[in-house]
Amino acid sequence: MTSSSRTSARTWVGVVTLLAGTLLPPLDFFVVNLAIPSIQDDLGGGDILGRQIVASYAATYAVMLILGGRLGDLYGRRRVFLIGLVGFALASLLCGAVGEPWLLVVGRVLQGLTAALMAPQSLALIRASLDGRDQTIALGFHGATIGLAAVIGQSLGGLLVTADLWGLGWRTIFFINLPVAALGLVGSLFLHDPHTRGAERLDAVGAVLLFTGLAGIVIPLLEGQALGRPWWCFVLFVVAAGVLHRFWRYEAAFGDDGDRSRGRHVMPLVPPRAVTAPGVRISLAAVALFYSIAAFFLVFSEHEQAVGRTPLEASLDILPLGIGFLVGPLTVPHLMRVMPRRIAALGLCLETIGFLAFAGLVAAFDRTPWAAAPLALIGFGQGLALPSLIRITVTHIPRAFAGLASGLVNATLQISAALSVAIIGGIFYAAADAYGSTHAITSVSILIAVLLCVSSLLSLRAERVPSLENPSKIVDAHDPGTPGTKEGEALSSVRER
C-alpha cells in the first residue's frame with residue numbers, strides 16, 4: 001500500500017467517524033418522540049413534560065447550531081467535535097439515569113447544546129478536507145446517514161421500550177447513544193483537521209444577540225401551537241426581529257480583518273461577506289423550502305390515527321419514505337457521472353411528483369397500499385436533493401467558514417422545520433376540523449408540492465452562480481485553502497502527502 005493509499009484509507013475512516021456526529025442528533029429526536037408516553041407514565045408530568053422533552057432539545061439545538069459551527073472555525077473543528085461528542089454522551093447518560101422530570105429536561109437541554117457543537121463539524125470537516133468526487137461521495141454518505149436516522153428512528157424507540165432490555169424500559173433510548181459515541185471516540189484518532197488555530201477570539205456580543213434573536217423565533221414556533229398561540233408569542237416574534245436586525249448591523253460594523261482594538265483580534269460571528277457571497281442566500285432559501293416536508297411526518301401520523309391505523313402500522317406505512325431517503329444519497333455520486341449539475345432540482349421534482357401522486361391516491365381511495373410507491377419516490381427525491389443542496393450552499397462559502405456554512409445549513413433546516421410544523425401543521429388541523437382528515441392531508445400535500453417546486457427553481461438559479469470549489473478563487477486571509485497562508489500551506493502539504 002502506498003503512502004497515498006494509506007492516507008486515503010485514513011481519511012475515509014475519519015469520514016465514517018464524522019457520520020456518528022451526523023447520526024446521533026436526528027436519531028435522538030426521532031427515538032425520543034416515540035418513547036414519550038412511557039416516560040410520562042414513569043416520571044409523571046403529563047403533556048407538559050412531553051412538550052418540554054421535545055422543545056428543550058429542539059430549541060437549544062436550533063439556536064446554537066450557527067455558534068457551534070463558528071466555534072469549530074475559530075478553535076479547531078476536530079477539538080470542538082470531540083467536546084460535543086463526549087458532552088452528548090454524558091448528557092445522554094444523565095437523561096437515562098434521572099428520576100425527576102426537571103432533571104430530564106435539563107439533560108435534554110444539554111443534549112441539544114452538545115449536539116449543536118458536534119453536528120456542524122461533520123459537514124465542515126468534509127468540506128475542508130475533501131475535494132471533487134471524494135467530497136461528493138462523502139456528502140452522499142452524510143445525506144444517507146440522515147436518512148438512516150429517519151428510518152431507524154421511526155421504529156427504534158418503540159422497539160426499545162417494548163423490549164424493556166435489562167428492565168430499563170425507556171431509559172435504553174438514551175443509553176443506546178453511549179456505544180455509538182464510544183466508537184466515535186476511537187475513530188477520532190483518524191480525524192484530520194486542516195485548520196491552524198489563529199489568534200481570533202469569539203464574538204461574544206454577536207453570539208448573545210444571535211442566540212436571543214433565534215430563541216425568540218424558535219421557542220414560539222415550538223410551543224405556541226400547544227399553548228393556543230398566546231399574545232406573548234407574537235411579542236417575542238417582534239422583539240426577535242429587532243434583535244436579529246441589531247445583530248446584523250453589529251456584524252456589518254466589523255472591518256474586513258475583524259476588530260483589533262485593545263490588542264485583541266475578534267472576528268464577527270457571522271461575517272456578512274460570507275453570507276452575502278453570490279449564491280448563498282438563494283441556496284439557503286432553497287434549503288428552507290426543501291424542508292417544508294418536515295410537517296408531513298406530523299400530518300401523516302395524525303391522518304393514520306384518524307383512519308384507524310395503529311402506531312406500528314403507521315410506522316410501517318411511512319417506512320418506504322425512509323428507505324427511499326436512505327437509498328437516494330448513495331446514488332448521487334453515480335448520477336453525477338451522467339449529470340454533474342441539476343441533481344438537486346431533479347430530486348425536488350421527484351418529490352413534487354410524489355406528493356401530487358400521494359394526494360391523488362389518498363383523495364381517491366382514502367387509504368391505499370399503493371401510497372407506498374409515491375412515498376418511496378418522495379424519500380428517494382429527498383435523498384437526492386439534500387446532499388446536493390448542501391453541496392451547492394457550502395461551495396459558495398469560503399472554506400475558512402466551513403463551520404459557519406455547516407451551522408447555517410443545519411440551522412436553516414431546523415428553523416424551517418419548526419416553521420413548517422407551525423404553519424402547515426396549523427393548516428392541516430384547521431382543514432381536518434372543517435372537512436375531515438383525508439381532505440386535510442390532500443390539501444397540505446399539494447401545498448408542500450408547490451413549495452418544493454419553488455425550491456427546485458431556486459436551486460437551478462443557485463447552481464448558475466460560480467462556486468468557490470477551487471481554493472485559488474477564494475480571497476481570504478484566514479481561508480485554509482488559500483495559498484500563501486499558514487493554513488493554506490499546511491493543507492497543501494497534507495494533500496501532497
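In this predicted model, Thr 172 comes out at 6% relative accessibility, so it counts as buried, the cut-off for that label being under 20%. Thr 172 belongs to helix 6, which covers residues 172-175. As for what Thr 172 touches, once its neighbours within four places in sequence are set aside, the contacts are Leu 160 and Leu 165.

Helix 7 is next along the chain, spanning residues 177-187. Its buried residues are Asn 177, Ala 181, Gly 184 and Gly 187. Looking down the axis of helix 7, these buried residues stay within an arc of 120°, which means that they line one face of the helix. Flip to the other side of helix 7 and there are Leu 183 and Val 186, both exposed.

Then there is the matter of nonpolar cores. The largest one is made up of 96 residues. Ile 66, Val 270, Phe 290, Phe 296, Phe 355, Phe 358 and Ile 441 are the residues with the most contacts inside this core. Helix 17 (residues 402-435) chips in with 11 residues, the largest share of the core.

Phe 290, one of those well-connected residues, gives an idea of the surroundings. Leaving out residues up to four places away in sequence, Phe 290 touches Leu 348, Glu 351, Gln 382, Ala 385, Leu 386, Leu 389, Leu 413, Leu 452 and Ser 455. Apart from the largest core, a second, separate core of 18 residues turns up, with Val 32, Ala 35, Leu 104 and Trp 170 among them.

Technical notes
Residues are numbered from 1 along each chain as its sequence is written. This is a predicted model: local features need pLDDT of at least 70, side-chain atom pairs count only at pLDDT 80 or more; totals for chains, interfaces and linings use all residues. Side-chain values use heavy atoms; hydrogens and water are left out. Buried means under 20% relative accessible area, exposed over 50%, partly exposed in between (1.4 Å probe, protein chains only). Helices (H or I, at least four residues) and strands (E, at least two) are DSSP runs, numbered from the N terminus. The arc is that of the directions from the helix axis to the C-beta atoms. Contact means heavy atoms within 4.5 Å. A nonpolar core is a set of buried Ala, Val, Leu, Ile, Met, Phe, Trp, Tyr and Cys residues joined through side-chain atoms within 4.5 Å.
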